[in-house]
Amino acid sequence: MEGILDLLNSPMGQTIVNGIAGSTGQDSNKTGSVLTMALPVLMKAMQRNAATPEGAEGLMGALNKHDGGILDNLGDLFGGGVNADVVNDGDKILGHVLGAKKQGVQQVIGQKAGMDAGAVGDILKVAAPILMGVLGKQTRQSNVNGAGDLGGLLGGLLGGNSASQDQSFLEKILDADGDGSVIDDVAGMVLNSGSKKSGGLLGGLLGGLFGKK
């Protein structure tokens, strides 16, 4: 199973990055940086939520509504500007997945990407329905029916064999409370994990990304 960051590096992923950048008026490179950080964080948050029966049921219900069709019409999605319904759907997804941590997560990612937290939010509102489409499509292809299967699917897309530093990064950024105190710790953790050959795909990509000036 390909990971979510493999998708971002694919031709379709580049179409998504450039489309989101164009629709939000942001730089493509910074948009790619935001998505490289944010998509694993969103998936880790979903994995957390799916650890309870209620959370798993809620996520399965949401994925049933996102069948992956959005991926088949990216040209239409980005062609004339992203439809307000898609943006509103994305805002609801972010609120459900991140809850009260949404602002803190956007702030930390914005600090590292060199972007205002509000701009990060605009990017994620468009990206969230696309991510749900990816997960919904994968759910159907893998015949996911229950909480255990759902957790395994999310773990596989995150990179089930990634090093503990990568998971610690995701947990730490999800615990961001918006006061900025977490940023230096997160940066140090990711840079350290990215410098090790055994750091895993996520650690390497994030470490390399955060290492850029």
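## The internal cavity

A cavity is a set of grid points where a 1.4 Å probe fits but cannot get out, and its lining residues have an atom within 4 Å of a point. In this predicted model, the count comes to one cavity of 30 Å³ or more. The largest cavity has a volume of about 80 Å³, and its lining consists of I4, L7, L8, I16, I20, L35, L39, A127, I130, L131 and V134.

Four helices each give two or more residues to this lining: α1 (4-8), α2 (11-24), α3 (28-49) and α8 (117-141). Helix α8 provides the largest share, with four residues. In chemical class, the lining comprises eleven nonpolar residues, with no polar and no charged residues among them.

## Overall architecture

What does the secondary structure of the protein come to? The protein has twelve helices and zero strands. Read along the sequence, the pattern is therefore α-α-α-α-α-α-α-α-α-α-α-α.

The protein has 213 residues, and buried residues account for 49% of them. Among contacts with a separation of 6 or more, 75% are between residues 24 or more positions apart. The protein exposes about 9700 Å², and carbon and sulfur atoms supply 47% of that area.

## A buried lysine in helix α7

K102 is placed in helix α7, which covers residues 102-113. Is K102 buried or exposed? The relative accessible area of K102 is 18%. A residue counts as buried when this value is under 20%, and K102 is therefore buried.

Which residues does K102 touch, leaving aside those up to four places away in sequence? The residues in question are D91, L94 and G95.

## Confidence in the model

The pLDDT of the protein averages 80, and 77% of the residues score at least 70. Over residues 186-213, pLDDT stays under 50. For this stretch, the model has 45 contacts beyond four places in sequence.

## Summary

The predicted model describes a protein of twelve helices and zero strands. Its largest cavity, of about 80 Å³, has a lining of eleven nonpolar residues, with helices α1, α2, α3 and α8 each giving two or more residues. In helix α7, K102 is buried and touches D91, L94 and G95, not counting residues up to four places away in sequence. Residues 186-213 have pLDDT under 50.

Definitions and conventions
Residues are numbered from 1 along each chain as its sequence is written. This is a predicted model: local features need pLDDT of at least 70, side-chain atom pairs count only at pLDDT 80 or more; totals for chains, interfaces and linings use all residues. Side-chain values use heavy atoms; hydrogens and water are left out. On a 1 Å grid over the protein atoms alone, a cavity is a set of points where a 1.4 Å probe fits but cannot get out, and a pocket is an open set with protein on both sides within 12 Å along at least five of seven lines; lining residues have an atom within 4 Å of a point. Grid points are joined across faces, edges and corners, and a volume is the space filled by probe spheres set on the points. Ala, Val, Leu, Ile, Met, Phe, Trp, Tyr, Cys and Pro count as nonpolar, Asp, Glu, Lys and Arg as charged, and the others, Gly among them, as polar. Buried means under 20% relative accessible area, exposed over 50%, partly exposed in between (1.4 Å probe, protein chains only). Contact means heavy atoms within 4.5 Å. Accessible areas come from the Shrake-Rupley method with a 1.4 Å probe; for residues, only the protein chains shown count as cover. pLDDT is the predictor's confidence in each residue, from 0 to 100.
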